[in-house]
Amino acid sequence: MRRAFLYLFVMLALQLFVSYTVHFIWFVVDGWSVIDALRLVKSPSPMTHTAEMTIAASVISSVITLVVFIWRKWCVMSPAYLRERQWGVFFWCVVAALDTILPSVYLHSLFPWLPNLMEDTFERVLANDYGYFAICLVAPFVEEVVFRGAILRALLGHFSRHWVAIVVSALMFSVAHFNPAQMPHAFIIALLLGWMYYRTGSILPGVLFHWINNTVAYVMYKVFYFVDTDSLEGMFGNDDKAVVLALVFSLFLLVPALYQLSWRMKK
């Protein structure tokens, strides 16, 4: 249990330290004095913290985190599962990921009172051409390495019941986002990702699922920027019938996808 919290602490500490360092160096290179740079680093204003700075800090901190976790062997990296050619698992991971999108949007709309502390930051990053690299490519891989490959792996060795380990890791995953509006969705998705890791012993299905999930969010922002994607009502023009049909359609595909995954993933 202590190892799991150690991994979480190391990841968060690296993210915080590297983010502050990158922003500080960026300000100094831009010509600010050291004193002013230190002051600006503490300022959350989007006028000073640009999307490029946020993306650079995110990518660099993620790469350093990945290096540390692999170097310390906190996550076992192996191509063994890929060599098994579990194409059926990967296919149904894609189907499941796509069909969690609308239920996730609906879940988000059930908690309008939860503050979205990262909304402005996400919008600036998503609007940037390099945002896809940070959010959809780097983040899914590193988060699966840390939360499933290291944290959940440690918890599975600590708890006799695997679902307890999965729930604890999901709670840690949701809280680590530090954004209340994301936490319900992050918790539910983390339960699914944790189950997939437990059944396969590999982070690869989770990486694929995570990549699809983040990529769809990125595409929806880019393509449907004129639509309110924070609620199903906004997405379907306040047509209640369309909302219900969309949810039912998603569940009709999601349930068989989860059944196929349960059948195909070995344990």
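Let me start where two helices touch: in this predicted model, Leu192, Trp195 and Arg199 of helix H10 meet Leu258, Leu261 and Ser262 of helix H13. If we sort the residues of that contact by character, they divide into 4 nonpolar, 1 polar and 1 charged.

As for the geometry, H13 covers residues 240-264, and H10 packs with H13 at an angle of about 25°, the two axes lying 10 Å apart. Since angles under 35 degrees count as roughly parallel, that angle makes H10 roughly parallel to H13. The crossing in which H10 passes H13 is left-handed.

Now let me turn to the other partner of H10, which is helix H11, residues 204-223; here the axes come within 9 Å and cross at roughly 155°. Because an angle over 145 degrees counts as roughly antiparallel, H10 is roughly antiparallel to H11. On the H10 side, the contact is made by His185, Ile189, Leu192, Leu193, Met196 and Thr200, and on the H11 side by Pro205, Gly206, Phe209, His210 and Asn213. These residues divide into 6 nonpolar, 5 polar and no charged. You may have noticed Leu192 on both lists, for Leu192 takes part in the contact of H10 with H13 and also in the contact of H10 with H11.

That brings me to the second largest pocket, which holds about 330 Å³ of space. Which residues are the closest to the centre of this pocket? They are Ser78, Tyr81, Gly201, Ser202 and Ile203, out of 21 residues that line the pocket. H10, which spans 183-200, comes back into the picture here, as helix H4 (80-83), helix H8 (131-158) and H10 each supply at least two residues of the lining. By character, the lining of the second largest pocket divides into 11 nonpolar, 6 polar and 4 charged residues.

So, to draw this together, H10 is the helix to follow on the structure above: H10 packs with H13 at about 25°, H10 crosses H11 at roughly 155°, and H10 supplies at least two residues of the lining of the second largest pocket.

Definitions and conventions
Residues are numbered from 1 along each chain as its sequence is written. This is a predicted model: local features need pLDDT of at least 70, side-chain atom pairs count only at pLDDT 80 or more; totals for chains, interfaces and linings use all residues. Side-chain values use heavy atoms; hydrogens and water are left out. On a 1 Å grid over the protein atoms alone, a cavity is a set of points where a 1.4 Å probe fits but cannot get out, and a pocket is an open set with protein on both sides within 12 Å along at least five of seven lines; lining residues have an atom within 4 Å of a point. Grid points are joined across faces, edges and corners, and a volume is the space filled by probe spheres set on the points. Helices (H or I, at least four residues) and strands (E, at least two) are DSSP runs, numbered from the N terminus. Ala, Val, Leu, Ile, Met, Phe, Trp, Tyr, Cys and Pro count as nonpolar, Asp, Glu, Lys and Arg as charged, and the others, Gly among them, as polar. Axes are lines fitted to C-alpha atoms, for helices over the stretch in contact, and angles run from 0 to 180 degrees between N-to-C directions. Angles under 35 degrees count as roughly parallel, over 145 as roughly antiparallel, 65 to 115 as roughly perpendicular and the rest as oblique. A crossing is left-handed if the near helix is turned anticlockwise from the far one by less than a right angle, and right-handed if clockwise. Contact means heavy atoms within 4.5 Å.
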